[in-house]
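Reader: I have a two-chain model open and want to go through it with you. Can we start with how the chains meet?

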Amino acid sequence: MSAAKAVSTWKSWLTTTDHKRIGLLYFWTAFAFFLIGGLEALLIRAQLARPGNTVVSAETFNQLFTMHGTTMVFLALMPLSAAFFNYIVPLQIGARDVAFPRLNAFSYWVFLLGGLFLNASWLLPNHPAPDAGWFGYANLTSREFSPGPNIDFWLLGLQILGVASLAAGFNFIVTILNLRAPGMKMMRLPVFSWMTLVTSFLIITAFPVITVALVLLMFDRFFGTHFYLPSAGGDPVLWQHLFWIFGHPEVYILILPAMGIISEVLPTFARKPLFGYTVVVYSGVLIGFMGWGVWSHHMFSVGLGPIADSVFSATTMLIAVPTGVKIFNWLATLWGGQIRATSALHFAVGFIALFTIGGLSGVMHASPPADLQQTDTYFVVAHIHYVLFGGTVFGLFAGMYYWWPKMTGRLLGEALGKLHFWLMFVGMNLAFFPMHFIGLLGMPRRIYTYGPELGVAKLNLVSTVGAFLIAVSILVFLVNLWRTRTRGKVAGNDPWGGATLEWTIPSPPPPHNFDVIPTVASRLPRWSMTQLKAIPEDAELEKPHAPVGSWWPLVAALGLPVLALAPLTHTLWVAFLGAAILITGIYRWAFEPFEV
Amino acid sequence: MPPSRRRRWLTLLPLVLAGCGGPFPQSALHPESDYARALDGLFRGIFWWAVLVFVVVESLLLFILLRYRQRAGAATPKPTHGHTVLEIAWTIAPALILVFIAVPTMRTIFTTQAPPAPNALRIAVIGHQWWWEYRYPDLGIVTANELHVPVGRPVVLEITTADVIHSFWAPALGGKRDLIPGHVNRITFTAESIGTISGQCAEFCGASHANMRLRVMVDADSTFRAWVAAQQAPARAVARGSPAQAGQDALRRYGCIACHAITGVSAGVIGPNLTHVGSRTTIAAGVLPNTDVDLARWITDPPGVKPGAKMPKLPVQPQDLTAIVAYLRSLK
């Protein structure tokens, strides 16, 4: 059967419920936000290139680092992972779509609108962008100390984005548990899909916590309650607990998908199955569970007392064990292989090399007394960027080079890919390694200026040069994307010799993915081809579902930013309007015929 | 390597990178108190474990990449799926290393957070956006931004805040501790050498977080006693008709004294106590040196020096400005 080419019109993209198109929408939107977050980082680095610099004002600087963190976490890295969840997971498990295609579209639109809502704050007069840090510590976020709309944009924007994440989380759990092809037992699930499952469980359990924390903040700001305000018996430390109970699992929400990606990339290019599949999967699950018991290590300077410090120190150190186990299993996967040095493999290996450094500085923070000299300094900035840039971003780029041919039908250029890798690898180490020393030499984070007497001017300049080198590497990647559109090598079904089901179908796949749902008999179906039955010529093929477009997820999603405008503008009728749009969208969606 | 040499080597690393020899007045690698030394020793121990793991993992990775590069015509590698003994080994090895880190960690947690010695000098630290207030309750001293402590005597800082969360950090004296509304936290240390230690607020606290700096003067016992005596004295009286007298009048006229206390003149509590402001080496929370020119600059346009500063920009007349500066500088 020939792959029916999907019609591409504006309307077809606005109403799409096809997981592949939604995956591409996620990718391009998240990548655009990644560029915005990157520009914010460049401005930050330009300001800090020398002592007493005046590239931006103090107020703007505070907005830049707040929005850089918020954007990268919620609008770039999470949705870039979601792009791969969407595009790849149904293909890997042998499904024709996700479990709830329209809910999937709803997630995307809510994410886009939430991101636009947050960033709209840059465009208003006096650009009241959020300015209390991505962690928004109470009581700085109270009406008394932050009277403007800045914090309102932040908390309402995050609430909108939380809806998108929760809906997607439930969707992928149901998809992975229920839509696996016949024979794909849980322990035959590709590791990327496994990590998607663990991440989705973390999302549905962690996001309610930040939602509650933000609701309390909203009450404090709009209705005069005192949940975080000591003046009437509230406690700002409550915010820190709630935020980090969400915030630490969030770190694993950001890193586990990247770990899943490199667990696919390394075996493919070493031509060996993943070493210790079971151990890698279980340590991923274990990290997911243990991630709930370590939050107070973000709060060692709060003064929780020696008992709490000791307990959270011990749990934090424990979590290093399954993480280390993963690294050794990846090394063992490469050991004895025939390693093909593709761009994807470069990034996957870069992940191991850099994430290891982030893990080791993490162990240093796990010791509260040592952490008291490191927390809130550039040492921690170095740490999180080795984890989230060296780890997550390198993992995501490994995924882009690996799956781009599947998603577009053409391979990204290998020469440009390697140039991209080396520029980024060198740039990243120049930008972030000196920060370890900058921090130990006494420079706190989140300061818009510093004096020459600190003695960290040269190190900061090196860091800034590194940041701009990263920017150059991103330009190389964009050139690569652009050239690939027309000049990229045609991928065919399987340009890499991959082992998993997505490589058994055309690139890009037809709207219904699989002509016949495969029956799976092993963990690496394509490397044991005999187990994949060829389709007999005269077989009666079942008619695949044609994906049905719908406007209603988009309409329902539009209701949320309108609702959020109500408290921002103090207008009641806007709230009713938003609720009406939301309810109409959901109502019409519920009664829409499921198939044409 | 003997500890002293290892120590020097670690200290040298950033110097080599920076291509300059410092000094690094805010370095956490140069402890000057018992508390800071405890943290520093612990950190150095963990650092070498981290170096060990780093070298093992990264050299293994490099070796594998070089040794197992694809070769033309090579057969498909043997599919190994796992190895139970190896898995157990590399679970136990990191766990063992962590025990070596955890035990001294726990010990240090409890020793550094032990109750202060009974003879410890008590100092209340109160954070404000964006300056530090210090009160010596047993000595009856109130001052700002520059903390004086005697060398060799235990000191306990009892820290809290008047507005948002801040964090007191003077790296050479020890780890940071947050100032949290409604809480009183403690930092206990005994300074070990005489000198000036620099530090600053380490928890983001709003527009001028970067400008909330501090100094700790570790004084010899006699110097400290002299300083205490000077601070306990009332504000210097002004001679009738002197420029200082004009300055004091101007402070009243412009309403400065509504916020600032000067013993015998005013009792404001919003801004720093100015009774002995002339004795400090810096102003505006360590942002400017305490000179005539800089003081005048500060008074003329506080938010210009320190974004978001609560001290308003007032239309101070030139002759008033000169008088105010003369008066404040005389308040030794």
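Reader: How much area do chain A and chain B bury between them?
Author: This is a predicted model, and in it chain A and chain B bury about 7,500 Å² between them. Carbon and sulfur atoms account for 69% of that area.

Reader: And in residues, how many of chain A are in contact with how many of chain B?
Author: On chain A, 93 residues are in contact with chain B, where 88 residues take part.

Reader: What is the salt bridge count between chain A and chain B?
Author: The count is one salt bridge. The side chains of R213(B) and E453(A) form that bridge, at 3.9 Å from N to O.

Reader: How many residue pairs are in polar contact across the interface?
Author: There are 24 such pairs across the interface of chain A and chain B, with both residues at pLDDT 80 or more.

Reader: Which elements of chain A give two or more residues to that side?
Author: Among them are α3 (58–93), α7 (236–270), α9 (306–334), α13 (414–440) and α14 (457–487) of chain A. The list also includes α8 (277–290), α10 (343–366) and α11 (368–371) of chain A.

Reader: Which one gives the most?
Author: α9(A) does, with 16 residues on the side of chain A that touches chain B.

Reader: How do the residues of that side divide into nonpolar, polar and charged?
Author: The side of chain A that touches chain B has 55 nonpolar, 25 polar and 13 charged residues.

Reader: Back to salt bridges. How many are there over all chains?
Author: The search of the whole structure finds 19. One pair in a salt bridge is K418(A) with E414(A), whose closest N and O atoms are 3.8 Å apart.

Reader: Where do K418(A) and E414(A) sit relative to each other?
Author: Both are in helix α13 of chain A, and because they are four residues apart there, about one helical turn separates them.

Reader: New topic, pockets. What is the volume of the second largest pocket?
Author: Its volume is about 740 Å³. The lining of the second largest pocket has 37 residues, and the closest to the centre are H260(B), G271(B), P272(B), W298(B) and M311(B).

Reader: Which elements give two or more residues to that lining?
Author: They are β13 (282–283), α6 (292–300) and α8 (318–330) of chain B. α6(B) gives the most to the lining of the second largest pocket, with three residues.

Reader: And the lining by class?
Author: The second largest pocket is lined by 26 nonpolar, seven polar and four charged residues.

Reader: Last thing, backbone oddities. Which residues does a cis peptide bond join in chain B?
Author: In chain B, Q129(B) and W130(B) are joined by a cis peptide bond, with omega about 0 degrees. W130(B) lies in the loop between β1 (121–128) and β2 (131–136) of chain B.

Reader: What about S507(A) to P508(A), cis or trans?
Author: That peptide bond is cis, with omega near -15 degrees. P508(A) belongs to the loop between α14 and α15 (552–569) of chain A.

Reader: What is phi of N145(B)?
Author: Phi of N145(B) is near 65 degrees, a positive value in a residue other than glycine. N145(B) is in the loop between β3 (141–144) and β4 (146–150) of chain B.

Key. Residues numbered from 1 in each chain as written. Chains lettered and ligands numbered in written order. Predicted model: local features only at pLDDT ≥ 70, side-chain atom pairs only at ≥ 80, totals over all residues. Heavy atoms only, no water. Contact = heavy atoms within 4.5 Å. Buried area = accessible area lost by both parts, 1.4 Å probe. Salt bridge = Lys/Arg side-chain N within 4 Å of Asp/Glu carboxyl O. Polar contact = N/O pair within 3.5 Å; in protein donor to acceptor, adjacent residues only side chain to side chain. Nonpolar A, V, L, I, M, F, W, Y, C, P; charged D, E, K, R; others polar. 1 Å grid on protein atoms, 1.4 Å probe; cavity = no way out; pocket = protein on both sides within 12 Å on 5 of 7 lines; lining within 4 Å. Points joined across faces, edges and corners; volume = space filled by probe spheres on them.
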